[in-house]
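Work through the exercises below with the model open. Each one sets a task and then solves it step by step.

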Number of protein chains: 4
Amino acid sequence: MFVLVNLKTYPCDPATVAEAARDATEESDARIAIAPQTAHLGRVAATGIETWAQHVAPVDHGSHTGHTLAEAVRAAGATGTLLNHSERRLTLADIDAALDAAERAGLETIVCANNPDQVAAAAALGPDAVAVEPPELIGGDVSVATADPEIVEKAVAAADAVDPDVAVYCGAGVSTGDDVAAAADLGAEGVLLASGVAKADDPRAALDGLLSGV
Amino acid sequence: MFVLVNLKTYPCDPATVAEAARDATEESDARIAIAPQTAHLGRVAATGIETWAQHVAPVDHGSHTGHTLAEAVRAAGATGTLLNHSERRLTLADIDAALDAAERAGLETIVCANNPDQVAAAAALGPDAVAVEPPELIGGDVSVATADPEIVEKAVAAADAVDPDVAVYCGAGVSTGDDVAAAADLGAEGVLLASGVAKADDPRAALDGLLSGV
Amino acid sequence: MFVLVNLKTYPCDPATVAEAARDATEESDARIAIAPQTAHLGRVAATGIETWAQHVAPVDHGSHTGHTLAEAVRAAGATGTLLNHSERRLTLADIDAALDAAERAGLETIVCANNPDQVAAAAALGPDAVAVEPPELIGGDVSVATADPEIVEKAVAAADAVDPDVAVYCGAGVSTGDDVAAAADLGAEGVLLASGVAKADDPRAALDGLLSGV
Amino acid sequence: MFVLVNLKTYPCDPATVAEAARDATEESDARIAIAPQTAHLGRVAATGIETWAQHVAPVDHGSHTGHTLAEAVRAAGATGTLLNHSERRLTLADIDAALDAAERAGLETIVCANNPDQVAAAAALGPDAVAVEPPELIGGDVSVATADPEIVEKAVAAADAVDPDVAVYCGAGVSTGDDVAAAADLGAEGVLLASGVAKADDPRAALDGLLSGV
């Protein structure tokens, strides 16, 4: 099971969460990664935890002021990147180009999507994984695997029909070990979460709770 | 064979092109449609030619100042709409929502895409058709079916693998009957073109030339 | 006093509202205009009421599929256009280019803005008018002139300091004659409104109510 | 005179350019700053050179995956930020909000603009400085101060009329000491440049050439 903690632009200390995650992985079989802001990648990677970018731009080296180059996040320590998160949508053509950029830089990829149809579409572009995150559940208290189990099952089936090599993760509302276990039961190979760990008073305890469901 | 003439924001008289197309269809088995600017839909539809929108917004009735509602283009006479044209890209989520809007309003749909991977992705969203238009050939003198025949064949195969009910059209550089015949030979069920007719001194002659390839 | 009724993408019949506005202007000294969706411009203009576009694109004739050309809305009967509405934001460079497009097509212009600083910025680009519409009040029941009279006064002063030839209008929550009178007292030369007329059971009565404040 | 070197997403080593700039400033009265990619801010700041961000997002802490928070670039060592670069355009409302974000985080600001009208508009939003960069000259071999001296003079006058506290810089094609001297003669208090230093075989020599014009 893969647990990706997205720190968004929350006011947490990224190094503290990263250290908690690193320590938690040492006592668990689960794979945990932290996705901090671009400016924090180096500090998070320095803790030894697997580090992901939240986004990379669909561009190569050149005149692209203010954009996030795949090579730059790789050099800062990231080994993977989210793409098309609901808070950072890309055009279809740009998802395709950003996947090329990530591949060029050696980054693993997860493309986010709202529903099974979009999961199938994203899978057709050849990422390593897709994540289904119903927008109406993001940031809420109820896990997608509990609130809408069918959407997870359909997403798994949709991706599998297009390309069985593409893993399916799920997100939105995931905060407990039961949520993680429910996601796994529905066929998801990983979960994306954010506030449940990033805003926790005790990130390590929050992570241990999640990992109890693996 | 479906021939869709996109008038873009060219300085042509939309009614003149529409009348030429209407007259041309009366002497041909091919299906021809004209896609004018939104403000010209009524004038084009009044000629009796099949009329398409160039874009509809991924929204429903509501507070969306300056956006193009599917219902409004339908009421103005459109029976179909292009989506995600290379000059009017949409996010993956918005293509999905715009397809919902088009279906709600009873509009036929074509989603444009750059390459076979994006064609597969677009097909997964369930449009009536997808169109492959390599950006580097748009507006040029060489037809996609001549310059890059493999891309058309791969697009047909890619869409078919995802959903055999989705038709595949091709565009970029199409201007002669030979281009149309080449597209059909490669498995395309239609062609998208623009300047070849819209900027022609004699749109009727240009259309007759195209239809000679059907 | 200028009263501009923005029909957004509301499910109203644009011709019915246009006819009510035309009739209302015949018994009032106020200037009223209707801004329907692009696809409805011709129907609204045919009633004889002053007709405005909700948006025009920052482009000239050319390859701009799915964009709204200033010339096309002019040909459909519009004599003015809103720009940069809070539901259709433009970059600073594109507001500038869209003003050029509107001028080229002979369209009067109103640039929308959130606050006095943005009003000053918009005025510097040389539109005919600017409209201050605090986002938090749009669509609400309380008029900007009542909820935040200072913002209207400051907007008037800000535009005047940059260019005294630029008129200042206000919007957000305007629905009664008292709202219009309050706006005029604060120095606004016009009001923008939407749902108060567009969603009224009796648009003519709603307009007469507004005009009672002139 | 302020010399801001924008590294864009060029394939240069940011630390090498930063060290060259730091050494150059030690022998010059000019103020030099380096604007690397977000992921490189920490490495550049560690050299001791003044460090700028290329962009910050118009948001506060919260759910903004993939966006660049002002606080995060500040924590990584930036003390200023470009906004609205021609390669990273923002809506008028977002320039305003990004300026608020920069002020909140204690970042100095430069808002880029195409022409004197946009310079006046940008100045009305209260940044520390505006930079006029005619898009057609960016990346070219001829400096704005040589190719279009009038645009620099008009930009200085336009900003001064709106707010005399806003400094005016110029960019596009700046690469020699003569360019810098010409810009200063026209009233600019600084220059923005990119490839002239970032792509130079010897960044230090390129900088010394520029500083000879101060």
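**Exercise 1.** Count the salt bridges between chain B and chain A, then describe their contact.

*Solution.* Step 1: the count between chain B and chain A is zero salt bridges, where a salt bridge is a side-chain nitrogen of Lys or Arg within 4 Å of a carboxyl oxygen of Asp or Glu. Step 2: helix 4 (92-105) and helix 5 (116-123) of chain B are the elements that give two or more residues to the side touching chain A. Helices here are DSSP runs of H or I, at least four residues, numbered from the N terminus. Step 3: helix 5 of chain B brings the largest share of that side, five residues. Step 4: the residues of this side of chain B divide into nine nonpolar, five polar and three charged. Ala, Val, Leu, Ile, Met, Phe, Trp, Tyr, Cys and Pro count as nonpolar, Asp, Glu, Lys and Arg as charged, and the others, Gly among them, as polar.

A note on the basis: this is a predicted model, in which local features need pLDDT of at least 70, side-chain atom pairs count only at pLDDT 80 or more, and totals for chains, interfaces and linings use all residues. Residues are numbered from 1 along each chain as its sequence is written, chains are lettered from A and ligands numbered from 1 in the order written, and side-chain values use heavy atoms, without hydrogens and water.

**Exercise 2.** How much area do chain B and chain A bury between them?

*Solution.* Step 1: take the accessible area (1.4 Å probe) that two parts lose on being put together, summed over both. Step 2: the result is about 1,400 Å², 66% of it on carbon and sulfur atoms. Step 3: 17 residues from chain B and 17 residues from chain A form the contact, meaning heavy atoms within 4.5 Å.

**Exercise 3.** By what turn can chain B be laid on chain A?

*Solution.* Step 1: superpose by least squares on the C-alpha atoms of residues with pLDDT of at least 70 in both. Step 2: a turn of 180 degrees and a shift of 0.0 Å along the axis give an RMSD of 0.0 Å. Step 3: the two copies are thus related as by a two-fold rotation axis. Step 4: 100% of the interface residues of chain B are also interface residues in chain A, so the copies meet through the same surface.

**Exercise 4.** Describe the interface of chain A and chain D.

*Solution.* Step 1: 27 residues of chain A contact 27 residues of chain D. Step 2: about 2,400 Å² is buried between chain A and chain D, 51% of it on carbon and sulfur atoms. Step 3: the rule finds zero salt bridges across this interface.
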